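Q: Please take a close look at one small sheet in this model, strand by strand, and at what packs on it. After that, please set it beside some other local features that deserve a careful reading.

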Amino acid sequence: MYHIGIVEDEREFAEQLQEFLRQYQREENLSFKISVFGDGAEILENYEPHYDLILLDIEMPKVNGMEAAERIRRVDSDVVLVFITNMASYAIRGYEVGALDFIMKPITYYTFSMKLRRALKRAKQKEQQQILLTLPDGVKKIGIHQIFYVEVQNRMLHYYTDEGEYVMRGTMASVEQMLAAYPFVKCNHWYMVNLMHVTEVRKNMALVGGHELEISRRNRTAFLKALTEYVGGTP
């Protein structure tokens, strides 16, 4: 199921978008959960990063779509954003907040369905690049690109991410299994490093997301080989 948010202050357009989504569901045999908001301020209130796609009108009276997108991006780097507008001049600013696309008003179903197909494909790709962390007080979905490295201490796993540190029970073997499909490699017995965030290697240290981690003699050759292949385009 895809969770789709519609942020549109004009009821006519909001209803049209909902009808287009329902038609697309029937044609493609998909399942959507649709949440509708009348202004950017409404979706920002108690915002949680559980949307796959948000369709944002730009011109709204309280918090416009561009401002809403900027604030959403501070807490949700993964959601796919598509703007609904009648002004093409917003395009450059939209790409600054990572918007995937624009749909120009008036909207036709053909154009909408083509844009929606692309947006859902991007959402699916992002979903495949996420893992679920089982924390002591719940679960946390996090993008692979957000993880700097994982540390194991006394059967406790410490995930260091761009959102902070998450701690849970586990072993290095379980981490290796979970992250096997992604560009992670051990730099020593205690650390599993995301090669996306390695910015420097000097002597026996790797700089990972601003953190200095020791590269053990035992892991040095394999670590440097994996990093070279990743940078060379064969992660």
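A: In this predicted model, Ala-206 stands opposite Leu-213, a residue of β15. That facing pair belongs to the pairing of strand β14 (residues 205-208) with β15, which runs in the antiparallel sense over four bridges. Strands of a sheet pair through backbone hydrogen bonds, and the arrangement may be parallel or antiparallel. Here three strands, in the order β13-β14-β15, make up an open sheet with antiparallel pairing. Its edges are β13 (198-202) and β15 (211-214), each of which pairs on one side only, and the twist from one strand to the next averages 25°. Helix α7 (residues 217-231) packs on this sheet, where it touches β13 and β14, and the direction of the helix makes about 140° with that of β13.

Elsewhere in the chain, the loop between β5 and α5 repays attention, beginning with its charged contact. Side chains of opposite charge can pair when their charged atoms come close. The structure holds 13 salt bridges, and one of them joins the side chains of Lys-105 and Glu-10, at 3.8 Å from N to O. This pair links distant parts of the chain, 95 residues apart, since Lys-105 sits in the loop between β5 (101-104) and α5 while Glu-10 sits in the loop between β1 (2-7) and α1 (11-28). Lys-105 is also joined to Pro-106 by a cis peptide bond, with omega about -5°, and Pro-106 likewise lies in the loop between β5 and α5. A further backbone feature appears at Asn-46, whose phi is near 55°, a positive value in a residue other than glycine; this residue is found in the loop between α2 (40-44) and β3 (53-57). Most peptide bonds are trans, and most residues other than glycine have a negative phi.

The largest pocket completes the picture, with a volume of about 360 Å³. It is lined by 23 residues, of which Pro-49, Asp-76, Asp-78, Gln-130 and Lys-141 are the closest to its centre. At least two lining residues come from each of α3 (65-75), α5 (109-128) and β7 (138-143), and β7 gives the most, with four residues. By residue class, the lining divides into eleven charged, eight nonpolar and four polar residues.

Notes. Residues numbered from 1 in each chain as written. Predicted model: local features only at pLDDT ≥ 70, side-chain atom pairs only at ≥ 80, totals over all residues. Heavy atoms only, no water. 1 Å grid on protein atoms, 1.4 Å probe; cavity = no way out; pocket = protein on both sides within 12 Å on 5 of 7 lines; lining within 4 Å. Points joined across faces, edges and corners; volume = space filled by probe spheres on them. Nonpolar A, V, L, I, M, F, W, Y, C, P; charged D, E, K, R; others polar. Pairing = 2+ DSSP bridges. Axes fitted to C-alpha atoms, helices over the stretch in contact; angles between N-to-C directions. Contact = heavy atoms within 4.5 Å. Salt bridge = Lys/Arg side-chain N within 4 Å of Asp/Glu carboxyl O.
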